[in-house]
Amino acid sequence: MTKPTLIPILGDQLTRTLASLRGQSKTDSVILMMEVWDEATYVKHHKQKIALIFSAMRHFAAELSEAGWRIDYVKLTDTNNAGSFTGEVARAIERHDPAKICIVEASEWRVRQSMDEWHDKFACEVEVLPDDRFICSQAEFDEWAKGRKELRMEFFYREMRKKTGLLIDESGKPVGEKWNLDAENRASPDAKMDPPPCPKFAPDQMTQEVIELVEDRFGDHFGNLENFGWPVTRADAEKAADAFFAERLPDFGKYQDAMVHGSDDLYHSMLSTSINCGLLDPLELCQRAAKAYQDGDAPLNSVEGFIRQIIGWREYVRGFYWHQMPGLAEANELGAARPLPEFYWTGETGMRCLADSIRSTHDNAHAHHIQRLMVLGNFALLSGVAPSAVEDWYLAVYADAYEWVELPNVAAMVLYADGGKLASKPYAASGNYINKMSDYCKECAYSPSKKTGEGACPFNPLYWHFMDRHRERLSKNHRIGRIYSTWDRMGEEKQRDYLDSAEAFLETLEPAKDGWARH
Ligand code: FAD
Ligand code: DLZ
Ligand code: SF4
């Protein structure tokens with residue numbers, strides 16, 4: 001009897017066309033899928049994230065089994081569960097005596113490090129294949145980055161447009177003559193907004209069992225499971241995509257940066273969880289978006305904006321992550337050291353923008369981009385929270401969070417902890433920005449127009465406190481340095497007022513209790 005090939009499939013590799021499945025004989029292979037304690041707890045993930053991954057894994061295993069594959073599925077509750085990928089692969093080798101292991105490279109540094117030991121640890125051959133679900137290979141990204149002093153998404157994105165042919169005309173130029181229509185995508189919320197609700201998928205029996213397991217084993221993790229409605233199969237993820245293209249893509253661009261209290265999905269696609277665990281193919285989604293433009297079903301600013309998020313930002317942060325690791329996880333160029341405030345976990349703050357973004361995070365394991373960047377992120381940046389604490393929080397609370405995508409967004413885009421390798425300037429903003437882009441401030445306990453003292457929006461003094469603290473570095477930055485002439489014109493008394501207000505506010509921040517993010 002020929003020895004089989006063992007094909008481990010990880011929780012974010014749930015794709016029928018995965019490189020390790022292509023060209024394999026169904027009779028000569030065993031697919032291994034493992035629910036393991038290590039993955040469920042390296043940070044204390046939001047309950048919905050664990051339920052999503054376990055349920056999507058179980059559904060995917062059933063789908064493969066139906067298609068004739070031999071599946072060895074290890075549940076978290078299996079008595080001898082080894083608790084780690086390496087431990088489970090070792091046990092599977094004993095069960096199946098494979099000729100070789102064939103696996104697609106892990107998406108995260110932590111897991112790749114442990115997989116690197118497999119060659120020495122296991123007697124059989126270990127073949128690790130590149131993850132070709134990304135449009136840009138790591139070698140290609142590294143080549144693009146070579147010799148560049150600054151890495152900027154915009155130039156990378158143009159290469160990806162040319163590579164994929166998305167929104168490129170016959171003469172090789174961008175459709176509509178501009179590469180980037182972001183300037184058209186900054187509308188404030190208005191009365192014309194009426195986003196149709198995003199589809200939610202009622203848990204079937206398999207998901208229900210997983211929900212009970214999560215409640216039982218991870219009951220002390222952040223978040224609730226009552227609202228669980230994420231797609232956990234490719235079929236449902238496609239329904240979610242259909243609804244987005246039919247109902248929300250046309251206004252996606254215009255209202256991309258808008259925030260409305262209590263309105264969690266707006267015109268966003270809500271597809272990141274499905275893309276990241278493998279249920280949806282990012283390139284196919286972009287091709288659908290481009291077709292919607294060609295067919296006259298959506299305007300260019302929306303379609304270009306959507307495509308840019310995926311073949312631009314998503315591909316770019318993945319390349320950046322591998323280009324910068326392991327240093328990126330330690331980066332702290334601004335020397336930020338404050339503990340994460342407790343309200344990031346409880347939502348108990350009078351700052352209405354933060355409270356609403358944290359509520360959505362708690363209830364849905366999701367907040368949209370501008371809440372993550374300009375509310376939650378901006379606050380952490382301005383108040384100088386230590387990058388590792390902020391990174392752990394983002395990794396724990398979002399259902400779409402994997403380190404390869406979370407870390408560049410948090411460390412580099414939000415916190416400027418990489419010293420500007422990814423972003424040309426810190427995304428620092430006062431209350432003005434949030435007031436312009438949301439309806440939060442109208443009913444807030446603070447006033448965005450009040451600059452200092454009692455009742456002033458805390459973002460206002462914090463903004464100047466941040467700029468003052470980092471003057472030496474930021475005054476040399478050509479995109480933000482000019483702000484210091486405004487600061488200097490204020491005079492000492494006004495400046496002191498800002499700094500005192502900020503310090504008084506910072507003193508009120510209660511640090512997070514131990515044990516929320518890490519076990
Ligand atoms: P849409 O607004 O509909 O955008 C379409 C798609 O574009 C998304 O599904 C996503 O795949 C991609 N995309 C958009 N922006 C980014 C980005 N900055 N980086 C990578 N992909 C992007 N996204 C994650 O998938 N996982 C994370 O852990 C994550 N952490 C973030 C942390 C911070 C601080 C910030 C500022 C952004 C983060 N993002 C992350 C990016 C973005 O917020 C989410 O992808 C988006 O909110 C998901 O909702 P959506 O599918 O409705 O996105
Ligand atoms: C996120 C996650 C969780 C919570 N649990 C598992 C698991 O038990 N088994 C598994 O295969 N994958 C899980 N995942 C996704 C993995 O963390 C992800 O596939 C790797 O970290 C990628 O490097
Ligand atoms: Fe947020 Fe300030 Fe507006 Fe309140 S006033 S919602 S704290 S930006």
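**Exercise 1. Find which atoms of ligand 1 make polar contacts with His366, Asp400 and Asn409.**

Solution. Start with His366: an N or O atom of its side chain is 3.0 Å from an oxygen atom of ligand 1. A polar contact is a pair of N or O atoms within 3.5 Å; within protein, one must be able to donate a hydrogen and the other to accept it, and residues adjacent in sequence count only if both atoms are side-chain atoms. Next, a nitrogen atom of ligand 1 lies 2.9 Å from a backbone N or O atom of Asp400. For Asn409, a polar side-chain atom lies 2.9 Å from a nitrogen atom of ligand 1. As for cover, the protein takes 99% of the 820 Å² of accessible area that ligand 1 has on its own (Shrake-Rupley method with a 1.4 Å probe; for residues, only the protein chains shown count as cover).

The model is predicted: local features need pLDDT of at least 70, side-chain atom pairs count only at pLDDT 80 or more, and totals for chains, interfaces and linings use all residues. Residues are numbered from 1 along each chain as its sequence is written, chains are lettered from A and ligands numbered from 1 in the order in which they are written, and side-chain values use heavy atoms, with hydrogens and water left out.

**Exercise 2. Describe the shell around ligand 1 and place it among the domains.**

Solution. The shell holds 29 residues, and the closest are His268, Ser269, Met270, Asn276 and Asp400 (near means that a heavy atom of the residue lies within 4 Å). By class there are 16 nonpolar, nine polar and four charged residues (Ala, Val, Leu, Ile, Met, Phe, Trp, Tyr, Cys and Pro count as nonpolar, Asp, Glu, Lys and Arg as charged, and the others, Gly among them, as polar). Met270 sits in the loop between helix 9 (234-252) and helix 10 (helices are DSSP runs of H or I, at least four residues, numbered from the N terminus). Phi of Met270 is near 55°, a positive value in a residue other than glycine. Finally, ligand 1 lies between domain 2 (138-201 + 219-324) and domain 3 (343-506), because both give residues to its shell; the bounds come from an automatic or database domain assignment.

**Exercise 3. Characterise the interface between domain 2 and domain 3.**

Solution. The centres of the two domains, taken over C-alpha atoms, are separated by 24 Å. Domain 2 brings 34 residues to the contact and domain 3 brings 41 residues (heavy atoms within 4.5 Å). The buried area is about 3400 Å², with 61% given by carbon and sulfur atoms; this is the accessible area (1.4 Å probe) that two parts lose on being put together, summed over both. Of the area that domain 2 buries against domain 3, Phe222, Met259 and His261 supply 24%, more than any other three residues.

**Exercise 4. Describe the surroundings of ligand 2 and ligand 3.**

Solution. Around ligand 2 there are 19 residues, and Asp12, Met34, Val36, Glu39 and Glu108 come nearest. Oxygen atoms of ligand 2 take part in these pairs:

- 2.7 Å to an N or O atom in the side chain of Asp12
- 2.8 Å to a polar backbone atom of Val36
- 3.3 Å to an N or O atom in the side chain of Arg110

The protein covers 100% of the 480 Å² of accessible area that ligand 2 has on its own. The shell around ligand 3 has 10 nonpolar, no polar and no charged residues; among them are Cys353, Cys441, Cys444 and Cys457.

Methods
Helices (H or I, at least four residues) and strands (E, at least two) are DSSP runs, numbered from the N terminus.
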